Amino acid sequence: MITTSRRDLILSAAVAGAALGLDNSLAIAAPARRQRTPDPAQGFVRYKVGAAECTALYDGIWEKAHDAAYFSNATVAETKEALAAAGFTTAFVTIPITVFVIKLNDKLILCDAGGGDQVQAFNPKSVSVSGKMMANMKAAGIDPKKIETILISHFHPDHIFGLLEKGTNAPVFPNAEIIVPAAEYKWWTDPSLINRLPEGRRPLARRIQTVIPNWKNVLPVEGEDEVVPGIRFVSAPGHTPGHTAFHVSSGNAQLMISNDAAYVPALCVGHPSWHGAFDQDGPMAEVSRRKLLDRVVTDQMMICGSHFPWPGLAKIEKDGAGYVLATVRAS
Ligand SMILES: [Zn+2]
């Protein structure tokens, strides 16, 4: 029986690379980690909110390696405990990416655009997969050319890179009107921002500044306007300066598309006071999170979010100082 150790394989790859004149650093690069969470059997789920038809589209998943800096006021052990209590693996943090298409009054509205297969996991122990939204949109029978309006919650890569073609930055939806929170637009497109950002965040700001202000179909909207009939912006700053949720109402039915206000519910709904490194302003994000969740509880509306357990639809109840989430398995 022949056994070949991983080290031997890496070394032989390096030798082969050298023989071909390749840069050895490429030849010996560790193979990319594989996604361990299976994709849903069907990458779209449809449900009704009054007369509005909501289609959840699976875009991908980030299997985030544990990191002591993830929360400023919770340890890795506490994070794992919260994940286990919610029935998740503790091997990594499971962060699915879901986008939503709302059909209301014969209009098709896309809510955020996913990561477009362009989101990088900075930690080599993490896995980041995105860009499945388009295939799942087609599988759901939605023609991307018929999307008239796109609402954007904030300018993080897993929410906007699906608007940009990989490699060229060409618009994926050139004919749709893209409505963005004015506060978010102003913050990211300020030329003085680049030097104020940590090094790792600068490429994102540069890409936004190179592309978004030149698109004629981007409309920044102030405050909490009704941006399309039946859908209103809800300010929820802190995650980013202009982070915004979307409130859908039809008849007596309401749905809060919370985007990243409650991020990973196993962590942020059960422990709303945990301040994540992903929230630019932790205390402000907590105020926004509690305000949004209190409104959802008081009005007994449905809630979904970009990183909720697939397919994202849930109900929330108050539980002492925190909240408890019950996922609704819609199909
Ligand atoms: Zn996100």
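1. Let me start with a cysteine. Cys111 has a relative accessibility of 1%, so this residue counts as buried. Please keep in mind throughout that this is a predicted model. Cys304 is buried as well, because its relative accessibility is 0%.

2. How many disulfides are there? With sulfur pairs required to lie within 2.5 Å, the count is zero. Cys111 takes part in no disulfide, and the nearest cysteine sulfur to its own, in Cys54, is 7.3 Å away. Cys54 also holds the closest cysteine sulfur to that of Cys304, but 5.6 Å separates these two atoms, which is too far for a bond. If you set up a topology from this model, Cys111 therefore enters without a disulfide, given the 2.5 Å limit.

3. Now the protein in general. The chain of 331 residues is 50% buried by residue count, and its secondary structure comprises 10 helices and 15 strands. Taking contacts between residues at least 6 apart in sequence, 66% link residues at least 24 apart. The exposed surface comes to about 15700 Å², and carbon and sulfur atoms account for 54% of that area.

4. Helix α8 deserves a paragraph of its own. This helix spans residues 202–211 and contains Arg207. Its buried residues are Arg202, Leu204, Ala205, Arg207, Ile208 and Val211. In an α-helix there are 3.6 residues a turn, so residues three or four places apart point the same way. What lies over the buried residues of α8? The cover includes α5 (157–160), α6 (182–189) and α7 (193–196).

5. Is Arg207 buried or exposed? Arg207 is charged by class, and its 18% relative accessibility falls under the 20% limit, so the residue counts as buried. Leaving out residues up to four places away in sequence, Arg207 is in contact with Gln118, Phe161, Leu164, Glu165 and Asn169. Thr189 is 18 residues away from Arg207 along the chain, with 10.0 Å between the two C-alpha atoms.

6. Next, the largest pocket, which may interest you as a computational chemist. Its volume is about 1000 Å³. The lining takes in 36 residues, and those nearest the centre are Trp62, Gln120, Phe122, Pro157 and Arg201. Which elements supply at least two lining residues each? They are β2 (52–64), β3 (93–104), α5, α6 and α8. Helix α8 comes up again here, since with three residues α8 gives the most to this lining. By class, the lining consists of 19 nonpolar, 10 polar and seven charged residues.

7. The second largest pocket holds about 460 Å³ of space. It is lined by 24 residues, and Ala86, Phe88, Ala266, Pro309 and Thr327 are the closest to its centre. Two or more lining residues come from each of β2, α3 (76–85), β3, α9 (265–268) and β15 (322–327). Strand β15 provides the largest share, four residues. Sorted by class, this lining has 17 nonpolar, five polar and two charged residues.

8. The loop between β13 and β14 has a feature to look at in the backbone. Where is the cis peptide bond? It joins Trp310 and Pro311, with omega at about 0°. Pro311 sits in the loop between β13 and β14. Leu313 is found in that loop too, between β13 (302–304) and β14 (314–319). With 5% relative accessibility, Leu313 counts as buried. Ala326 is 13 residues from Leu313 in sequence, and their C-alpha atoms are 8.8 Å apart.

9. Finally, two residues with positive phi, neither of them a glycine. Asp117 has phi near 60° and lies in the loop between β4 (107–111) and β5 (127–129). Its relative accessibility is 44%, so Asp117 counts as partly exposed. Gln300, whose phi is about 50°, is placed in the loop between α10 (282–298) and β13. At 63% relative accessibility, Gln300 is over the 50% limit and therefore counts as exposed.

How values were computed:
Residues numbered from 1 in each chain as written. Predicted model: local features only at pLDDT ≥ 70, side-chain atom pairs only at ≥ 80, totals over all residues. Heavy atoms only, no water. Buried < 20%, exposed > 50% of the residue type's maximum accessible area, 1.4 Å probe, protein only. Contact = heavy atoms within 4.5 Å. 1 Å grid on protein atoms, 1.4 Å probe; cavity = no way out; pocket = protein on both sides within 12 Å on 5 of 7 lines; lining within 4 Å. Points joined across faces, edges and corners; volume = space filled by probe spheres on them. Areas by Shrake-Rupley, 256 points an atom, 1.4 Å probe, with all protein chains shown as cover.
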